[in-house]
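Visitor: I am new to this structure. Please show it to me, and I will ask how each description is justified.

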Amino acid sequence: MRRPFRAPPPQKSGPPANDDIREPEVQLIDSDGNNRGVTETRDARRMADEAGLDLVLISPNAKPPVAKILDLGKLKYEQQKKAAAARKKQKTVEVKEVKMRPNIDTHDYEVKMKAVKRFFEEGDKVKVTLRFRGREMAHQQLGMQLLQRVREEVQDISKVEAEPKLEGRQMMMVLAPK
């Protein structure tokens, strides 16, 4: 397949290997892991060719740089596997939102609180949003009391990340798991 017009040349991934090594001398480690000492790069490259492997620059910033005789394809494959495993273990913290009203019924409140506790167990943050409609705006203290009640109920498993504040017609508070 042809490269598109004026496309940059393909970038090589991974550490410098074989002909890409520009250093005159390298600290050589052979395929068995034995230290061969400081060797000229062309001799090291010849030894790698004889073994049917690649000469790979492991530590380019050392003086002299450290090169190892190994299979470059296998090294790249193992690095990909390691990166994939690290990505798999990574947990992204999501912000889950729980919406309430100031005059919420007790059963509805309990259902919402059960959801909040489940979100904390999963390691997510929770944004509690209280929506005021119509004349409810005149009784903002009821909303503040409800948010304080939520805070006290989950005090042992969470910490307040953003204090309750009024933005327009809604009051918000963000809680994070401890």
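Guide: This is a predicted model. In it, 4 strands form an open sheet with mixed pairing, in the order β2-β1-β4-β3.

Visitor: What makes β2 and β3 the edge strands?

Guide: Strand β2 (35-40) and strand β3 (54-59) each pair on one side only. Neighbouring strands of the sheet are turned by 35° against each other on average, direction ignored.

Visitor: How do you know that β1 and β4 pair?

Guide: Two strands pair if at least two bridges are found between them. Strand β1 (residues 25-29) and strand β4 (residues 66-70) have 3 bridges, so they count as paired, in the parallel sense. Leu-28 stands opposite Ala-67 in β4.

Visitor: Which helix lies across these strands?

Guide: Helix α1 (residues 41-51) lies across β1, β2, β3 and β4, and runs at about 125° to β2. The chain as a whole has 4 helices and 8 strands. From the N terminus on, the order is β-β-α-β-β-α-β-α-β-α-β-β.

Visitor: How do you know whether the radius of gyration fits a compact globule or not?

Guide: For 178 residues, a compact globule would have a radius of gyration near 16 Å. The chain has 30 Å, so the value does not match that rule. Along its principal axes the C-alpha trace spans about 85 × 45 × 30 Å.

Visitor: What share of the residues is called buried, and why?

Guide: Buried residues make up 29% of the 178. They are called buried because their relative accessible area is under 20%.

Methods: Residues numbered from 1 in each chain as written. Predicted model: local features only at pLDDT ≥ 70, side-chain atom pairs only at ≥ 80, totals over all residues. Heavy atoms only, no water. Helix = DSSP H or I, 4+ residues; strand = E, 2+ residues; numbered from the N terminus. Axes fitted to C-alpha atoms, helices over the stretch in contact; angles between N-to-C directions. Contact = heavy atoms within 4.5 Å. Rg over C-alpha atoms; globule rule 2.2 N^0.38 Å. Buried < 20%, exposed > 50% of the residue type's maximum accessible area, 1.4 Å probe, protein only.
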